[in-house]
Amino acid sequence: MQNGKNIMEYDTVALDEEQNAVVIIDQTLLPGRTELVSLKTAREIRDAIYLLKVRGAPAIGVAAALGIYVLAKEIAERDFEEFYAGFCEYKDYLDSARPTAVNLSWALKRMEAVALKAGRDEKKSVAEVKEALRREALSIWKEDIEVCRRIGENGLKLVQPGAGILTHCNAGKLAAVRYGTATAPIYLGQERGYHFRVFADETRPLLQGARLTSFELAAAGVDVTLICDNMCGAVMSAGLVDAVFVGCDRVAANGDTANKIGTSVVAAVAKHYGVPVYICAPTSTIDLDTPSGKEIKIEERPGDEVTEMWYKERMAPEGVKVYNPAFDVTNHELIAGIVTEFGIVRAPYETGLKAIMKSALEQVDV
């Protein structure tokens with residue numbers, strides 16, 4: 001990138017008010033090239049989410065909030081109901097980008113609630129509704145930074161200085177605005193001289209661990225070692241891993257969690273070797289309306305991500321069937337704790353998650 005800046009010096013998602021655009025780091029180009037992209041149209045914003053230019057549950061939510069504001073700002077100034085109809089068209093269009101990460105719909109619903117309160121309940125002008133949306137979008141952006149920092153503080157209580165930590169996929173700075181979720185304890189530990197040893201799974205087939213996690217951790221000066229996905233048992237059996245920290249795209253009411261494909265394998269292996277698995281999840285990712293992991297809709301992606309992407313030549317025979325789910329569900333029995341911004345939830349998760357969500361609502365009300 002121009003100016004030779006370190007990747008850690010950029011926010012993953014931001015608002016350019018002068019250009020009325022959402023500015024993201026295009027993660028499909030990493031680690032070879034770091035490039036900022038301005039998104040101004042509904043198609044550009046949705047495609048950025050679907051094509052993984054911006055990815056990670058928290059970052060997707062922030063991009064959606066900023067994006068719907070950018071689009072709402074361009075809706076012609078007319079009466080509220082006509083404005084709201086246009087707003088809903090944009091909302092539904094963006095919401096269709098990815099089904100598994102609950103933060104996408106969470107952020108859009110939150111923005112919609114603000115619009116309805118200002119326009120219908122308070123009878124404000126469309127211009128005032130747009131300003132309310134602007135404030136809410138920036139609030140979601142700021143909250144993400146603080147939420148991730150607090151997840152980091154809570155997660156840091158679970159490990160000792162010098163610990164070996166394994167992570168899967170990218171739940172780092174690039175999956176949020178700044179700190180990330182699963183990497184937040186690592187970054188705070190780095191600042192405080194904990195000297196963690198981190199093992200990053202490559203994370204097939206999109207290689208988020210290889211391309212993104214190892215890239216950003218190395219840029220931050222963290223002792224990081226890249227391993228293939230099928231090596232987690234080897235490092236655990238050798239006693240090199242004291243804890244697993246991973247992110248999450250949706251937490252069901254019973255504590256089942258959906259995260260990048262392969263997470264359930266890591267959790268099962270960790271259970272065998274007695275290594276605790278911690279899910280780092282902001283409360284915006286907790287979905288009490290989904291009873292268990294069985295009800296979580298799993299996104300399926302194109303087969304060429306497995307057969308062709310990252311290869312100079314196709315590496316599988318033409319016509320072979322490909323199954324490419326983007327996520328899998330980790331059973332709550334394999335999870336030692338769910339780390340949120342309001343504390344650590346442990347089994348039984350049904351009661352623990354309800355309590356943490358109640359705490360979250362009470363603190364928001366205050």
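Begin by selecting V13, which stands opposite I24 in β2. The coordinates on display are those of a predicted model.

**The three-stranded sheet**

Extend the selection from this residue pair to strands β1 and β2. The strand β2 covers residues 21–25, and 4 bridges join β1 to β2 in an antiparallel arrangement. Now add β3, to show an open sheet of 3 strands in the order β1-β2-β3, with antiparallel pairing. Which strands stand at the edges? They are β1 (13–16) and β3 (36–39); each has a single partner strand, so one side of each is left without a neighbour in the sheet. Direction ignored, neighbouring strands of this sheet are turned by 30° against each other on average.

Keep the sheet visible and select the helix α2 (57–73). The helix α2 lies across β1 and β2, and runs at about 15° to β1.

**The helix pair α4 and α5**

Next, select α4 (102–121) and α5 (126–156). Two packed helices are described by the angle between their axes and the distance between the axes. For α4 and α5, the axes come within 9 Å and cross at roughly 145°. The crossing of α4 past α5 is right-handed. To display the contact, show the side chains of W106, A107, R110, M111, V114, A115, A118 and G119 on α4. On α5, the contact residues are V129, A132, L133, E136, A137, S139, I140 and E143. Coloured by class, the contact of α4 with α5 divides into 11 nonpolar, 2 polar and 3 charged residues.

**The largest pocket**

Turn next to the open spaces of the model. How much space lies in the largest pocket? The value is about 920 Å³. To find the pocket, centre the view on W106, R110, T283, S284 and M357, the closest to its centre of the 35 residues in the lining. Elements that give two or more residues to this lining are α2, α4, α5, β11 (286–287) and α11 (349–365). The largest share, 7 residues, comes from α4. Both W106 and R110 therefore merit a second look: they are part of the contact of α4 with α5, and they are among the residues closest to the centre of the largest pocket. By class, the pocket lining has 17 nonpolar, 6 polar and 12 charged residues.

**The second largest pocket**

Select L51, L206, R301, E305 and M309, which lie nearest the centre of the second largest pocket, a space lined by 13 residues. The volume of this pocket is about 190 Å³. Its lining comprises 7 nonpolar, 2 polar and 4 charged residues.

**The cavities**

The last stops are the cavities, of which the structure holds 2 of 30 Å³ or more. The largest cavity contains about 170 Å³ of space. Select R55, G56, A57, N170 and D249, which lie nearest its centre among the 20 lining residues. Both α2 and β9 (257–260) supply at least two residues of this lining, and the largest share, 3 residues, comes from α2. The lining divides into 9 nonpolar, 7 polar and 4 charged residues.

Finish at the second largest cavity, with about 50 Å³ of space. Its lining is formed by R204, P205, L206, Q208, K260, I261, R301, E305, N324, P325 and A326. By class, these are 5 nonpolar, 2 polar and 4 charged residues. Among them, L206, R301 and E305 line this cavity and also lie nearest the centre of the second largest pocket, together with L51 and M309.

Conventions
Residues are numbered from 1 along each chain as its sequence is written. This is a predicted model: local features need pLDDT of at least 70, side-chain atom pairs count only at pLDDT 80 or more; totals for chains, interfaces and linings use all residues. Side-chain values use heavy atoms; hydrogens and water are left out. On a 1 Å grid over the protein atoms alone, a cavity is a set of points where a 1.4 Å probe fits but cannot get out, and a pocket is an open set with protein on both sides within 12 Å along at least five of seven lines; lining residues have an atom within 4 Å of a point. Grid points are joined across faces, edges and corners, and a volume is the space filled by probe spheres set on the points. Helices (H or I, at least four residues) and strands (E, at least two) are DSSP runs, numbered from the N terminus. Ala, Val, Leu, Ile, Met, Phe, Trp, Tyr, Cys and Pro count as nonpolar, Asp, Glu, Lys and Arg as charged, and the others, Gly among them, as polar. Two strands pair if DSSP finds at least two bridges between them. Axes are lines fitted to C-alpha atoms, for helices over the stretch in contact, and angles run from 0 to 180 degrees between N-to-C directions. Contact means heavy atoms within 4.5 Å. A crossing is left-handed if the near helix is turned anticlockwise from the far one by less than a right angle, and right-handed if clockwise.
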